[in-house]
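Reader: Hello! I am new to this structure and would love a close look at a single part of it. Could you walk me through one residue that a record points out, and then its surroundings?

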Amino acid sequence: MTTTESDTRAVGLWIGGERRTQGSGGTHDHINPATGLVGSTIPLAGAAEVDEAVAIADRAFASWRNTAPAQRQALLFKLADLVEANAAKFGELSARENGSPIMIATTMVGKVVEWIRYYAGWPGKIDGQVTGTYGPDGVFSYTLPQPLGVIGAIITWNGPLMSLAMKVPAALAAGNTVVVKPSELTPYTGELFAELISCAGFPPGVVQVLPGTAEAGGALASHPLVRKVSFTGGPDTARKILHACAENVTPTVLELGGKSANIILDDADLDSACSHGVMMGIGLLSGQGCSFPTRMLANRTIYDEVIKRAKTLAESIVVGDPMAPETMSGPVVSRPSFDRILAVIEQAKRDGARLITGGGPLNRPGLGGYYLQPTVFADVDPDSALAQNEVFGPVLAISVFDTDEEAIAIANNSRYGLSGYVHTKDLRRAHVIAEGIRTGEVLINGALNLAANQPFGGVGVSGFGKEGGRDGIYEFLNMKSVAVN
């Protein structure tokens, strides 16, 4: 029997501006991954609550789409201010719900605020084009961008607040209403976000938050009044969502997994390249990120030095209680994830990869939870399971290449295509490689990803559609053509 720790935060279903404490989906015992103990029991939405919320959102859409752009802008700016004011609270909740170190989670709120404010500036800037003019046999024609209606947003557990920021503000700025389904693994962030939506003054029904399991996600994706589904998660779940959407031919935005290559050329600044690759690859969020550089490709002339540095850096990562300010990396999210990652490590050993450091559980006195050693493998075969499959844990794979062309080929030897990374002092080489890599984005010499003004999204098994930038808001608009004879 699982021991229960003190209640972390009450969670409800936010439907039509009201908070409910029960749902037809039953309940879920949320386990704090840092302790292995139940933090609270949360209610779950079922198909009945999803149906009700979507109907309310559809009714709210009629007035929200006609709300003045200046008013939509003011509400989004108010929301951004409230999220910023609650940064410490979001950081604490994140640490308790998915094990993110509190200092990192609190700092990430700044990027979330950036996204909300970016899209707060868009409502009065959405425009179409004149596409034809009168002539001897011509017509006057133009395009009219219009909101779609109810958006179903199914967010991820590894960065729930960031996922909310990448979906909800753009959809609202475009004039849509949104029904959000957070993961049952991370219910606290969605709860506080829903509270702040209410405090900001958004009309009831414009944004509704319903924590739930796959049942609720399926009901949302298959609902005939949902006009688009935006999902962040894994490819296996995405296939189920696509199947659910097929009945109504509902379009989707899918931000899925990744196995991003981090190419380190022979002239790279190794201090920067190795630190960036290790800390982002296996330190940040314990490697639980879809766009992280989890494949490190090093030129043969610097290969041994890169391995040496990666080992030192990995062993310097402070793993521990996510509530402690000195912690750089916390636990992984759950016991199933913990067991799965250990199985991946054992398979990598059997496949011939050379274990450089880590490779097992990490016991911390006084802590339960799901802690793993930051793990580095070298001599990884690009065709092996470790190089081909997303681990979503603190495991870094290092492979060697001889030429830039070989590096591109290895990077493209993947069914994923979300992010790519290049480190070199020669920008001409960087641009050639950036053009050659088959990904949704390429980041050179430590450039930061997830900037609000940059479109983000992948190709292949990494999904399709964009979040961020102009593309991110136009995902939630229908470009209607109008012609006058």
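Author: Happy to, and what follows is a walk from an annotated residue to a pair of helices.

Please keep in mind that this is a predicted model. Our starting point is Glu255, which an unreviewed UniProt entry annotates as "active site". You will find Glu255 in strand β11, which covers residues 252–255. Is Glu255 buried or exposed? Its relative accessibility is 5%, and because buried means under 20%, Glu255 counts as buried. Leaving aside residues up to four places away in sequence, Glu255 touches Phe231, Thr232, Gly233, Cys290, Leu418, Phe456, Ser462 and Glu467.

Cys290 in that list leads us to the cysteines. Applying the rule that a disulfide needs two cysteine sulfur atoms within 2.5 Å, the count comes to zero disulfides. Take Cys245: the nearest cysteine sulfur belongs to Cys290 and is 19 Å away, and Cys245 is in no disulfide. Cys245 has a relative accessibility of 2%, so it counts as buried. Cys274, at 1%, is therefore buried too.

Cys274 also takes us to the helices, as it is one of the α9 residues in contact with α10. Helix α9 spans residues 270–283 and helix α10 residues 303–316; their axes lie 9 Å apart, at an angle of about 50°. The two helices are therefore oblique to each other, and α9 passes α10 in a right-handed crossing. Besides Cys274, the contact includes Leu270, Val278 and Ile282 from α9, while Val306, Arg309 and Leu313 are among the residues α10 brings to it.

Conventions
Residues are numbered from 1 along each chain as its sequence is written. This is a predicted model: local features need pLDDT of at least 70, side-chain atom pairs count only at pLDDT 80 or more; totals for chains, interfaces and linings use all residues. Side-chain values use heavy atoms; hydrogens and water are left out. Buried means under 20% relative accessible area, exposed over 50%, partly exposed in between (1.4 Å probe, protein chains only). UniProt positions are given in the numbering used here, feature names are shortened, and annotations may be inferred rather than shown by experiment. Helices (H or I, at least four residues) and strands (E, at least two) are DSSP runs, numbered from the N terminus. Contact means heavy atoms within 4.5 Å. Axes are lines fitted to C-alpha atoms, for helices over the stretch in contact, and angles run from 0 to 180 degrees between N-to-C directions. Angles under 35 degrees count as roughly parallel, over 145 as roughly antiparallel, 65 to 115 as roughly perpendicular and the rest as oblique. A crossing is left-handed if the near helix is turned anticlockwise from the far one by less than a right angle, and right-handed if clockwise.
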